[in-house]
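Here is a friendly walk through one protein chain, region by region. Please keep the sequence and the 3D view at hand as you read.

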Amino acid sequence: MNQERLNCVLNRLNEIGAEEMLVTEPRAIFWLTGKWVFPGERFLALLIRKNEQPVLFINRLFWFDEEIGVRKVWFSDTDDVLPLVRKELDPEKVLGVDKTMESRFLLPLLETGAAKKVVNSSIAVDEARAVKDLEEQAKMRESSRINDLAMEAFRKLVHEGVTELEISDQTLKIYKSLGASGYSFDPIVSFGANAADPHHMPDETVLKEGDCVLFDIGCVVNDYCSDMTRTFYWKKEPDERVKRIYELVRQANEQAEEMLKPGIPLCDVDAKARDLITAGGYGPQFNHRLGHFIGLADHEYGDVSSANHNLTKTGNFFSIEPGIYLAGDTGVRIEDLVLITENGHEVLNHYPKELTILD
């Protein structure tokens, strides 16, 4: 059990008026205990509260002997786990639950009067996880270092007549050869007009001369995720209109990054990039938020958007990924991950952003 992380969650839990909490999200349990358990449809929960040892409710199917700083309550598939949980709860206290606790477990628990009141306390864990400690920061850097190497390898897969699927089918093997355990998300490989769909999935589209080639890629290294996007061009330079679009996106990316430091409203970071693209005439074609937080999951709590007025904090990791998308024509996106440091920021991705022609 990571006591520092646990204390951070418990302090936040106290602020929102919950006296104990059931954490059910496997990544959050791993973040607190160092133990991965993926329960599938089975119940898994970590009960946390001030001045008491955490209690882990876990199916015997996932048996382990090592001590991780919790008291284990084991159950089998034929057991009704909810009375075991109910026994550990104080019906006179406010119970926090996270947003992933399934209603098929939560509702029967509530019907037994397990707590004075139940509140969604996900924010206590989410906000704590959004500030990465030094160990996590090192792992995030390494994941992005591998992702930079992968981008160089992936661009070399581009050749005359190749399809998006043919490239994407080779990416996992490359990631593993570089030391990653897998994807942080399925890779996006988009040629030509397909790049106008921000979430296009690779298909049988064949590369043509003059096409843009967009890679949005990420891997998992030591449990932590990376995420990066670069847009290239095949065989020949794009026309002046597309060059201008590319430069608008690159400038939006770089200027948003340049302003980063602790204490900046996240909505102001989004506005920096969005205002530049809007002034360039493509505001409606930048149709998503500027970025998302990242860590054990590719998309974690928190984003860089016009709706988020929270301030940047030292230890935050998030993406900066402006884009311009012209339906049926072309698209450009440039994405880096950034870390908020004590005195400013650190850009994790070092792969070049200048307009590049592949041949």
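## The two annotated regions

Over residues 5-131 the chain is 35% helix and 21% strand, and the C-alpha atoms at the two ends of this stretch are 10 Å apart. UniProt lists these residues, 5-131, as "domain: Creatinase N-terminal", in an unreviewed entry. Please bear in mind throughout that this is a predicted model.

A second record covers a later part of the chain: UniProt places "domain: Peptidase M24", again from an unreviewed entry, at residues 139-342. Here the chain is 32% helix and 24% strand, with 18 Å between the end C-alpha atoms.

## The largest nonpolar core

Nonpolar side chains in soluble globular proteins tend to be buried together. In this model the largest nonpolar core has 36 residues, and those with the most contacts inside it are Val9, Val23, Leu46, Ile48 and Leu56. At least two core residues come from each of α1 (3-15), β1 (20-23), α2 (26-33), β2 (45-49), β3 (55-59), α5 (122-129), β11 and β18 (336-340). Helix α2 gives the most, with five residues.

That helix is worth a look in the viewer. Seven of the eight residues of α2 are buried, so the helix is mostly covered. The buried ones are Pro26, Ala28, Ile29, Phe30, Trp31, Leu32 and Thr33. Just after α2, Gly34 takes a positive phi of about 80°.

## A parallel pair of strands

Strand β3, one of the contributors to the core, pairs with β4 in the parallel sense over five bridges. For a landmark, find Ile58: its bridge partner in β4 is Trp74. Strand β4 itself (residues 71-75) is mostly covered, with four of its five residues buried.

## A three-stranded open sheet

Further along the chain, three strands form an open sheet with antiparallel pairing, in the order β7-β10-β11. Its edge strands are β7 (182-183) and β11 (224-225), each of which pairs on one side only. Between β7 and β10 (residues 219-221) there are two bridges in the antiparallel sense, and Tyr183 has Cys219 as its bridge partner in β10.

Helix α6 (residues 134-155) lies across β10 and β11. Relative to β10, α6 runs at about 135°.

## Cysteines without disulfides

How many disulfides does the structure hold? The count is zero. A disulfide is a covalent bond between the sulfur atoms of two cysteines. For Cys219, the closest cysteine sulfur is that of Cys225, 8.5 Å away, and therefore too far for a bond, given that a disulfide needs the two sulfur atoms within 2.5 Å.

Is Cys219 buried or exposed? Cys219 is buried, with a relative accessible area of 0%. Cys8, by contrast, is partly exposed, at 38% relative accessible area.

## Positive phi in two loops

Most residues other than glycine have a negative phi. Asn222 has a positive phi of about 55° although it is not a glycine. Asn222 sits in the loop between β10 and β11, where it counts as partly exposed at 46% relative accessibility.

Lys235 is another non-glycine residue with a positive phi, of about 80°. Lys235 is found in the loop between β12 (228-234) and α8 (240-258). At 39% relative accessibility, Lys235 counts as partly exposed.

## A long-range contact from helix α8

Helix α8 also contains Lys243, which is partly exposed with a relative accessibility of 22%. Which residues does Lys243 contact, leaving aside its neighbours within four places in sequence? They are Glu237, Pro238 and Leu355.

The contact with Leu355 joins distant parts of the chain: Lys243 and Leu355 are 112 residues apart in sequence, while their C-alpha atoms are 8.0 Å apart in space.

Conventions:
Residues numbered from 1 in each chain as written. Predicted model: local features only at pLDDT ≥ 70, side-chain atom pairs only at ≥ 80, totals over all residues. Heavy atoms only, no water. Pairing = 2+ DSSP bridges. Contact = heavy atoms within 4.5 Å. Axes fitted to C-alpha atoms, helices over the stretch in contact; angles between N-to-C directions. UniProt positions renumbered as here; feature names shortened; annotations may be inferred. Buried < 20%, exposed > 50% of the residue type's maximum accessible area, 1.4 Å probe, protein only. Core = buried A, V, L, I, M, F, W, Y, C linked by side-chain atoms within 4.5 Å.
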